[in-house]
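Biologist: I should like to learn how the features of a protein model are read. May we go through them in turn?

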Amino acid sequence: MNLQSRFFLIVGSVSLFFLLVIWVAFYNAAERLVERLGARFAEKQVLYDKTRTLQPLISDVALARQMAQSPTIKAWAQDEKNPVLYEAAQAVLEQFRLNLHSQSYTVAVARSGNYYFYEPRGKQARGSYPLNPSDPAHAWFYAALKKNQDVLLHVDEDKTLGVSKVWINVPLRDGDTILGTIGTGLDLDQFINRVADTSQPGISNFLINQDAAIQISRDINHINFASVANSAAEQSSVDRLLSRPADRNWIRSTIHELQNEPSGVETRFVRFAGKKYLAAVAALPELGWYDVTLLDLGVLLPQRDFLQILGLSLLSIASILTILAYSLHKLVLRPVGNLAASATRIEDSEFIPEPDEEGGGEIMALKTRFRTMAHAVQQNQNTLTNAVEQRTQQLLDAQKILTVALDREKKLRATQANLLYTMAHEVRRPLAVIGNTTQMLAILTQAKQQEWKPRLDKIMGAVNRLSLLITDLLDEDRLAMGLKAVQTRRGDLNAFCRDLAVTLSDRHGRVIRFEPAAAGADLMADWKLISIAVGNLVDNAAKYSPPGSGIVLRVLAADDTLSIEVIDTGPGIAPESQQRIFEKFVRLENQSGVSGSGLGLYLVMWVAEIHRGSAEVSSSENGSTFRIHLPRGSASPQSSS
């Protein structure tokens, strides 16, 4: 089967398959689209409902809080029988009342249990009556005193006044003492008409509290009156309207999430009163309530509106595929078939085939370029072969030169090492003689020739500096020989440093306090190199700290790393010197009188890096702390420059 036949077979099969898939999947896609559009619409609608709900309440809540802060009202609440305070408090309440939506207020005094009110729509416009703790109608007040919330909203009917309202109550406090409550109320019918009664079909909403009890609903039978005084089990919950347990759990988990993120909006499909709705929930943190909006997507976004779009889409796809198939056959497939025949002739060494008359435009240009390419490929192949052979020969010559240079470098390094060892042994012998002789002279002349002592001390200082330089040079040369000299084995860093602390303490005549790691200190390392590094740090601590001062050697353990710390009480290191102190031959400028080679700390860093670790220093005017960090499993050391 040729390319043209395969193309038409594939295009026809794929077209039929996709048309069937699109037709079958349309309803699912349309439903998901409706869900996404509905979710976006629900978010906007619930935010609109939230704003519409808060408008009449925010100002009244703010005014109620201002009333609760009034010193005049607080003073009167503590001395109700004082006529002067009573008149002053009534004047303040009257000023606030004129700015409230319902132009009404309530004040309940905890000490006396008296309830003062101004209610233009009630049976009595102004007056007071006593609250009784045993009366269920008054239980809201005593529940509010126990909850002690900043603002408490509840829906209830005041049978004494003959009004049903959304009551706003704010605690009246004097310090930590609750004097009572003060607030106002919004007419329940008017509030329901404003919040829950929407004229748009397919949309309904209601307000619930943190226990999912319905506070505001278009159906007044669903409202949970006096919810503030009822327990969660006694309240009329939204659960009885949700058909599925999963939807009830979602409402409560959403309330919990919105308590932490009150600015969010949560959406989900639920079964409400036996019917499927898209529910959106938003928090009203200013009120402690939650706005629940229900959208009937079957009314708002019916799927039948998408059927015409589906038909037009299928027809367009079929037309496009047909035109594409014909165009590809005429403009591409047939000319490409002719070009394939030309390529076959080129395989038979016919590099300049005769062009056929079919095809034009880009296809004809492609054929012309194809012939040119055949000549270019032949020439480039010859050129590339010659260039590769020449470059290969150059690389072989360079490899020989490099091999000779490496062999020479190895011989020079071996000669250098032998020379250093020879010089060290030759120099150490006379140094030992000079040192011993100087010590003997110091003993012999201690009593009679006191003027010789400074000179003998200078001689011993020079001997010690030269001996230290030779030791550091030998250590540095040994380390520089590479990884062949590094031999690792597993051991306990705590035990090793404990023994090393005893040895170094005897050497320097100093107290070295060892502090082991609390956890295990198992380590794979070259222990001779670790001994050199720790010894150099302790030597520095002994040289630069005051005579008789203590030195701390500490081991710290982490998950994957062990650290060694050496702490002294020396004069400290300047910040600019701390960054270069581990370099070769670098010494502190302010300690020129202390002997040293400038290689000790360089060797410390080298040992740390050869174990895939690091070294660092932290210093102040009270002393310095040097640290070596070693990974526990560094079984194969790395090379260090």
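Biologist: In which helix is the place of V14?

Modeller: This is a predicted model. In it, V14 belongs to helix α1, which covers residues 3-68.

Biologist: Why is V14 called partly exposed?

Modeller: The term applies to values between the limits for buried, under 20%, and exposed, over 50%. V14 is partly exposed because its relative accessible area is 37%.

Biologist: Which residues make the nonpolar surface patch with V14?

Modeller: I10, F17, F18 and V21 join V14 in this patch, whose area is about 460 Å².

Biologist: Let us turn to the sheet. How do strands pair in general?

Modeller: Backbone hydrogen bonds link the strands of a sheet, in either a parallel or an antiparallel manner. Here, five strands make up an open sheet with mixed pairing, in the order β13-β15-β16-β18-β17. Its edge strands, each paired on one side only, are β13 (512-515) and β17 (614-620). From one strand to the next, the twist averages 15°.

Biologist: In what sense do β13 and β15 pair, and over how many bridges?

Modeller: β13 pairs with β15 (residues 551-557) in the parallel sense, over four bridges. Within this part of the sheet, F514 has L553 in β15 as its bridge partner.

Biologist: Which strands does helix α11 lie across, and which does helix α12 lie across?

Modeller: Helix α11 (residues 493-508) lies across β13, β15 and β16 (561-567), and runs at about 175° to β13. Helix α12 (residues 527-544) lies across β13, β15, β16 and β18 (623-631), with an angle of about 25° to β16.

Notes:
Residues numbered from 1 in each chain as written. Predicted model: local features only at pLDDT ≥ 70, side-chain atom pairs only at ≥ 80, totals over all residues. Heavy atoms only, no water. Patch = residues over 30% accessible without salt bridge, like charges linked within 9 Å, V, L, I, M, F, W, Y side chains within 5 Å. Areas by Shrake-Rupley, 256 points an atom, 1.4 Å probe, with all protein chains shown as cover. Salt bridge = Lys/Arg side-chain N within 4 Å of Asp/Glu carboxyl O. Helix = DSSP H or I, 4+ residues; strand = E, 2+ residues; numbered from the N terminus. Buried < 20%, exposed > 50% of the residue type's maximum accessible area, 1.4 Å probe, protein only. Pairing = 2+ DSSP bridges. Axes fitted to C-alpha atoms, helices over the stretch in contact; angles between N-to-C directions. Contact = heavy atoms within 4.5 Å.
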